Each structure stands twice: as C-alpha cells, then as structure tokens.
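Open the structure in your viewer and keep the sequence panel beside it. The stops below say what to select next and what is there.

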Amino acid sequence: VFEALSRELAQWAMAGRQAQFWWRDDDAQFASPELDQILEISSNCKAPLSLAVIPHGVEDTLAAALVGLESVQVLQHGYSHENHAPADLRKMELGWHRPAEVICAQLRTGFDALRALFDEQFIPVMVPPWNRIDERIIEQLPDVGLRGLSTLGPRRSTLVAEVLHQVNVHVDIINWKQGRKFAGLEICEAQIIAHLSAKRNGQAPTDEPTGIMSHHRVHDMASDAFLQALFSYLGDHSAVSMLDAQQVF
Ligand SMILES: [Zn+2]
C-alpha cells in the first residue's frame, strides 16, 4: 500500500524536507464506540488528534473520554451545527443569514463552554460547520477569543490572514454523496499527493501542513482501517512529521 505516496515522499526525503501532516476529526459531542476507535488509532500510531467539538449540547462524557490524552486537543466546531441557510442554498451555520451579533453571541457561549469543559486541551480555533463561513463573521472571530480558522481545501481569502491563522484540511476520507462511506484508498491517497506535490512545486503555501479530515460518527470499518494504516505508515516515515493543534496554530 501507499506506493504512490511513497514515491512522493521520496522526493521530499531527497530534498531534505519534512512533510508535515495534521489530523482533524469533526462533529464530536459525546463519548461513543466510534470515538473510541479513533482515540485508539491516535494512540496506536502516536498521531496527534485535533477534535472539532460542537459546543451546544456537548456532554461531560466527551471530556471524560479525553482526560489525560495529551496528544488529543479540542477545536470549536461552530455552535450547534444547525443550518441557517435557505433550503435551496448550501448548508451553513456561520453565514450572513442571521445578524452577526446573534451569531457571535452564540460563538462566545460555545467558546466559554469548551474552555470550561476542556480547559488547556481546548485550542481556540474555529472549524465552521460544513467548512463554510462568511468573511464578515471571520473578521469578528478574534473578538470571540479565537486565533485560528480551519476549513476545507485551498485557502481562498487573503483577508483571513490579517486576523487569524488559517490552516485547512485537504483530504476528505468520506464519500458523502454515495452513502457516507469510505471514499477509498486511491482517492484518499490521490488527495494527499495532490497537496504534497502542490507544496513541493510552489503551487500551495509551504507553511500549511497537509490536513486529513475524518468524521468518526459515520466511519465504517474501512474508514478506520485506512486511518490506522495511513497514520502507522506516516509515523514510521523519516520525512514526515505529525503536528498537534498547538503546533499547527
Ligand atoms: Zn461538522
């Protein structure tokens, strides 16, 4: 496995460069067998895990599950993960569909809840639900107490950099359109290589680590098996380093 990725990473090794990765898992709210699976993978592979937690309705069971896990950190995943966009538009919680004051007040409530529950494990970074957020909301995130932002794909806004440290994810291991199943080894590997080669060729920012996005609540066995294999492979590779949220942001 990972033959194509091995060839790409060989180029990094030859150039004496380290390929940096980070792992973001979204939608955590409570302890579950599905959560246990990714915590076990993180521990097995020594792969730091950045967990994007939905603050509204977050349960003590989640905090209990993370106690003492130094390589697991918490990011803020919106407030309640509710869609406020009209039915014919793409889903969005942090859009311009409600007054900014209402949105920011909710985000502040959520921020306080995560800080209270997770203390130092909470890294003040916003992961917008559905990876979408209006630029006018972004401008206000520092006032909420947030210092970072993470969405999906290439950074689009230059404005963001003036107010927040943005580090995205670049690999989605789920195929949402076909039954929320594992997207498949080839597709995931191709996404990883696309980002690495873009960085190597100067077509993507070199200061942004390659982000792997997972969603433990919908994982099938193939998804978890892939993550286990990937992080085990990356963990053993001399030209790779895995970063935790504190290092990324
Ligand atoms: Zn989500």
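**Strand β2**

Select β2 and look at its two sides: Leu49, Leu51 and Val53 lie on one, Ser50 and Ala52 on the other, and all are buried, so that both faces are covered. In a regular strand the side chains alternate between the two faces of the sheet. Five of the five residues of β2 are buried, so the strand is largely enclosed by the rest of the structure. Bear in mind during the tour that this is a predicted model.

**From β2 to its neighbours**

Keep β2 on screen and add β3. The two strands pair in the parallel sense over five bridges. To see one position of this pairing, pick Val53, which stands opposite Gln76 in β3. Now follow the chain from β2 to β3: the path runs through helix α3, residues 60-66, and this β-α-β crossover is right-handed.

Next add strand β1, residues 19-28. β1 pairs with β2, residues 49-53, in the parallel sense over four bridges. Two positions can be picked out here. Arg24 has Ser50 of β2 as its bridge partner, and Asp26 stands opposite Ala52 in β2. The connection can be traced as well: β1, helix α2 (residues 33-45) and β2 make a right-handed β-α-β unit.

**The other partners of β1**

Stay with β1 and select β10, residues 210-214; these two strands pair in the parallel sense over five bridges. Then select β11, residues 240-242, which pairs with β1 in the parallel sense over three bridges. Phe21 is a useful residue to label at this stop. Phe21 stands opposite Thr210 in β10, and Phe21 also stands opposite Met242 in β11. How much of β1 is covered? Nine of its ten residues are buried, so the strand is described as mostly covered.

**The zinc ion**

Select the zinc ion. Which residues coordinate the zinc ion? They are Asp27 through OD, His77 through NE2 and His81 through NE2, at 2.1 Å. Along the chain, these donors follow the spacing D-x49-H-x3-H.

Take Asp27 to begin with. Asp27 is found in strand β1, the strand visited above. Asp27 has a relative accessible area of 17% and is buried, because the cut-off for buried is under 20%. Its backbone is worth a look too: phi of Asp27 is near 80°, a positive value in a residue other than glycine. Most residues other than glycine have a negative phi.

Move on to the two histidines. Both His77 and His81 are buried. His81 is placed in the loop between β3 (72-76) and α4 (100-118). The phi of His81 is near 60°, again a positive value in a residue other than glycine.

**Helix α8**

Select residues 185-200, which form helix α8. The helix has 16 residues and reaches 22 Å from its first C-alpha to its last, close to the 22 Å expected at 1.5 Å a residue. Colour its buried residues, among them Cys188, Ile192, Ile193, Leu196 and Ala198. Charged residues appear in that buried set too, including Glu189 and Lys199. What do the buried residues of α8 pack against? Their partners are α1 (3-14), β1, β7 (171-172), β9 (181-182), β10 and α9. Just after α8, select Gly202, which takes a positive phi of about 75°.

**Helix α9**

One of the elements packed against α8 is α9. Select residues 221-236 to show this helix of 16 residues, which reaches 23 Å from its first C-alpha to its last, close to the 22 Å expected at 1.5 Å a residue. The buried residues in α9 are Ser223, Asp224, Phe226, Leu227, Leu230, Phe231, Tyr233 and Leu234. An α-helix has 3.6 residues a turn, so residues three or four places apart point the same way.

**The cysteines**

For the last stop, show the cysteine sulfurs. How many disulfides does a search of the whole structure find? The search finds zero. Cys188 is in no disulfide, and the nearest cysteine sulfur, that of Cys45, is 15 Å away. Cys188 is buried, with a relative accessible area of 0%. Finish on Cys104, which is also buried, with a relative accessible area of 3%.

Definitions and conventions. Residues are numbered from 1 along each chain as its sequence is written. This is a predicted model: local features need pLDDT of at least 70, side-chain atom pairs count only at pLDDT 80 or more; totals for chains, interfaces and linings use all residues. Side-chain values use heavy atoms; hydrogens and water are left out. Donors are N, O and S atoms within 2.8 Å of the metal (3.2 Å for Na, K and Ca); water is not among the atoms, so sites may look incomplete. Buried means under 20% relative accessible area, exposed over 50%, partly exposed in between (1.4 Å probe, protein chains only). The expected span of a helix is 1.5 Å times one less than its number of residues. A disulfide is a pair of cysteine sulfur atoms within 2.5 Å. Two strands pair if DSSP finds at least two bridges between them. A crossover is right-handed if, with the strands pointing away from the viewer, the path from the first strand over the helix to the second runs clockwise. Contact means heavy atoms within 4.5 Å.
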